[in-house]
Amino acid sequence: MNRIFSPFALLLSLLFLLLFESACSPDQNQNTKELAQEMNDRKIKRVTNVQLTTTVDEWGKALILTTRKALTRELTKKPGDSTFCNLENVPAIQKLEKQYAITIDLLKAKDVTNPALDPKERDLLGAYVYNAQNKLEQNDNVQKLNDTLFVYNSPVATDDIICKTCTDNAALPFVIWRIVFNKREVIRRVNPKKLK
């Protein structure tokens, strides 16, 4: 009895092929990655306020570099076009906002009286405007607004194309980056093993 294919071997081969194909499908791999991310997100993480502030500071610096490049690229393509100062018109920045669950804005001198901003932010913005008027040094800053929000601010140099295009006062060129971080989302995305 020398059979090339037995019915049992053929059935077993087909079953193995189906299992192998379903295990290697791209959808399955994507679901596995999402499940692994969800499991990581649900782990209990101990993160101190100092670690949170440090993380927001590090992420803020990195995000400002990326957003500055994206906005500068758009403004260089169309010099003087201030429509890109509304960051909703810059797809790369919108993608970052979604990826990190953050809000990125450009603030101007008039925002000192903006009621949509937290009083702490308006006070800080007033200090930045004062420094700009008196030609004092400007530095990046991280503020805890409340129990759930952090804000990262980074002033734009007056000779930068962003400041020249997006300022609301030619006599006092002033623009500042504002990134709002949700504490919960920072903790969700942070790797506790990499914290200092």
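1. Let me start with I104 in this predicted model. Setting aside neighbours within four places in sequence, I104 is in contact with T67, L87, I93, L96, E97, W177, R178 and I179. I104 is also listed with the residues that have the most contacts inside the largest nonpolar core, as are W177 and I179.

2. That core is worth a look as a whole. The largest nonpolar core holds 31 residues, and L71, I104, L106, I162, W177, I179 and F181 have the most contacts inside it. Two or more residues each come from α3 (49–77), α4 (91–100), β1 (102–108), β3 (149–155), α6 (161–166) and β4 (175–182). Of these elements, α3 gives the most, with seven residues. Apart from this core lies another, of eleven residues, including L107, V129, F174 and I176. As general background, nonpolar side chains in soluble globular proteins tend to be buried together.

3. Now for the cysteines. How many disulfides does the structure hold? There is one, and it joins C85 to C166 with an S to S distance of 1.9 Å. The link of C85 and C166 is left-handed, at -85° about the S-S bond. C85 sits in the loop between α3 and α4 while C166 belongs to helix α6, so the pair ties together parts that are 81 residues apart in sequence.

4. Are the two ends of that link buried or exposed? C85 counts as buried because its relative accessibility is 10%, and C166 is likewise buried, at 2%. C163 is in no disulfide; the nearest cysteine sulfur to it is that of C166, 8.4 Å away. With a relative accessibility of 0%, C163 counts as buried too.

5. Two backbone angles may catch your eye if you scan the phi values. A101 has a phi near 55°, which is positive in a residue other than glycine. A101 lies in the loop between α4 and β1. Because its relative accessibility is 30%, A101 counts as partly exposed; the band for that label runs between 20% and 50%.

6. The other angle belongs to K135, whose phi is also near 55°, again a positive value in a residue other than glycine. Where is K135 found? It is in the loop between α5 (119–133) and β2 (141–144). K135 has a relative accessible area of 76%, so this residue is exposed.

Conventions. Residues are numbered from 1 along each chain as its sequence is written. This is a predicted model: local features need pLDDT of at least 70, side-chain atom pairs count only at pLDDT 80 or more; totals for chains, interfaces and linings use all residues. Side-chain values use heavy atoms; hydrogens and water are left out. A nonpolar core is a set of buried Ala, Val, Leu, Ile, Met, Phe, Trp, Tyr and Cys residues joined through side-chain atoms within 4.5 Å. Buried means under 20% relative accessible area, exposed over 50%, partly exposed in between (1.4 Å probe, protein chains only). Helices (H or I, at least four residues) and strands (E, at least two) are DSSP runs, numbered from the N terminus. Contact means heavy atoms within 4.5 Å. A disulfide is a pair of cysteine sulfur atoms within 2.5 Å.
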